[in-house]
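User: I am new to protein structures and would like to learn how to read one feature at a time. Could you give me the general idea first and then the case in front of us?

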Amino acid sequence: MTPLQFHRSVESMEIWSARSGGYSFVISLQGPTGPGFRGRFGYVASWRPLDQSRGAIRVLGSPLQSFAEAEDACNSMLNYLRD
């Protein structure tokens, strides 16, 4: 199975997105100060089905320490959703 390929979605913010198998995944960097989303510092991973108009669901463990950890969490969630 091919891992998700994340692409930078917004140039002025740390936001990446990927799509696969009818699901959309987003990783964003949040912090207590500065530009971007507010919250505890870390990478927040979320997903949602592409065919439904509903909010995103946060991947368990978010916020994560690194982008690589968030990427791995998204790939694990995609594998779970496919099974």
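**Reading the features of a predicted model**

Analyst: In the largest nonpolar core there are 19 residues, and those with the most contacts inside it are Leu 4, Phe 6, Phe 25, Ile 27, Trp 47 and Cys 74. At least two residues of this core come from each of β2 (15–20), β3 (23–31), β5 (42–49) and α1 (67–82). The largest share, six residues, is supplied by α1. The general idea behind such a core is that, in soluble globular proteins, nonpolar side chains tend to be buried together. Please keep in mind throughout that this is a predicted model.

User: Which residues does Ile 27 touch, not counting residues up to four places away in sequence?

Analyst: Ile 27 touches Phe 6, Glu 14, Ile 15, Trp 16, Tyr 43, Val 44, Ala 45, Phe 67, Ala 70, Glu 71 and Cys 74, once residues up to four places away in sequence are left out.

User: How should I read a pair of aromatic rings, and how many aromatic pairs are there?

Analyst: In general, a pair of aromatic rings is described by the distance of the centres and the angle of the planes. In this structure the count comes to five aromatic pairs. Take Trp 16 and Tyr 43, whose ring centres are 6.2 Å apart and whose planes stand at 40°, so the pair is tilted. Since Trp 16 lies in strand β2 and Tyr 43 in strand β5, the pair ties together parts that are 27 residues apart in sequence. Trp 16 counts as buried at 13% relative accessibility, and Tyr 43 counts as buried at 15%. Ring pairs also link Phe 6, Trp 16, Tyr 43 and Phe 67 into a cluster.

User: Is Gln 30 buried or exposed, and what does its side chain reach?

Analyst: The step to take here is to compare the relative accessible area with the cut-off, because buried means under 20%. Gln 30, whose place is in strand β3, has a relative accessible area of 9% and is therefore buried. The side chain of Gln 30 reaches the backbone oxygen of Arg 40 at 2.8 Å. Beyond residues up to four places away in sequence, Gln 30 touches Phe 37, Arg 38, Gly 39, Arg 40, Phe 41, Gly 42, Val 44, Arg 58 and Pro 63.

User: What kind of peptide bond joins Ser 62 and Pro 63?

Analyst: The general background is that most residues other than glycine have a negative phi, and most peptide bonds are trans. Here, however, the bond that joins Ser 62 and Pro 63 is a cis peptide bond, with omega at about 0°. Pro 63 lies in the loop between β6 (57–58) and α1, and this proline is buried, with a relative accessible area of 13%. Although Pro 63 and Leu 29 are 34 residues apart along the chain, their C-alpha atoms are separated by 8.4 Å. The contacts of Pro 63, not counting residues up to four places away in sequence, are with Gln 30, Arg 40, Phe 41, Gly 42, Tyr 43, Val 44 and Arg 58.

User: Where is Ser 20 placed, and with which side chain does the side chain of Ser 20 make a polar contact?

Analyst: Ser 20 has its place in strand β2, where it counts as buried at 19% relative accessibility. The side chain of Ser 20 makes a polar contact with the side chain of Arg 82, at 2.5 Å. Leaving aside neighbours within four places in sequence, Ser 20 is in contact with Leu 4, Leu 78 and Arg 82.

User: Finally, how is empty space found, and which residues lie nearest the centre of the largest pocket?

Analyst: The general idea is that rolling a probe the size of a water molecule over the atoms shows where empty space is left. In this model, about 160 Å³ of space lies in the largest pocket. The largest pocket is lined by 13 residues, and those nearest its centre are Val 26, Ile 27, Ser 28, Ser 46 and Ala 56. The elements that give two or more residues to this lining are β3 and β5, and the largest share, five residues, comes from β3.

Definitions and conventions: Residues numbered from 1 in each chain as written. Predicted model: local features only at pLDDT ≥ 70, side-chain atom pairs only at ≥ 80, totals over all residues. Heavy atoms only, no water. Core = buried A, V, L, I, M, F, W, Y, C linked by side-chain atoms within 4.5 Å. Buried < 20%, exposed > 50% of the residue type's maximum accessible area, 1.4 Å probe, protein only. Helix = DSSP H or I, 4+ residues; strand = E, 2+ residues; numbered from the N terminus. Contact = heavy atoms within 4.5 Å. Polar contact = N/O pair within 3.5 Å; in protein donor to acceptor, adjacent residues only side chain to side chain. Phe/Tyr/Trp six-rings, centres within 6.5 Å; stacked < 30°, edge-to-face > 60°. 1 Å grid on protein atoms, 1.4 Å probe; cavity = no way out; pocket = protein on both sides within 12 Å on 5 of 7 lines; lining within 4 Å. Points joined across faces, edges and corners; volume = space filled by probe spheres on them.
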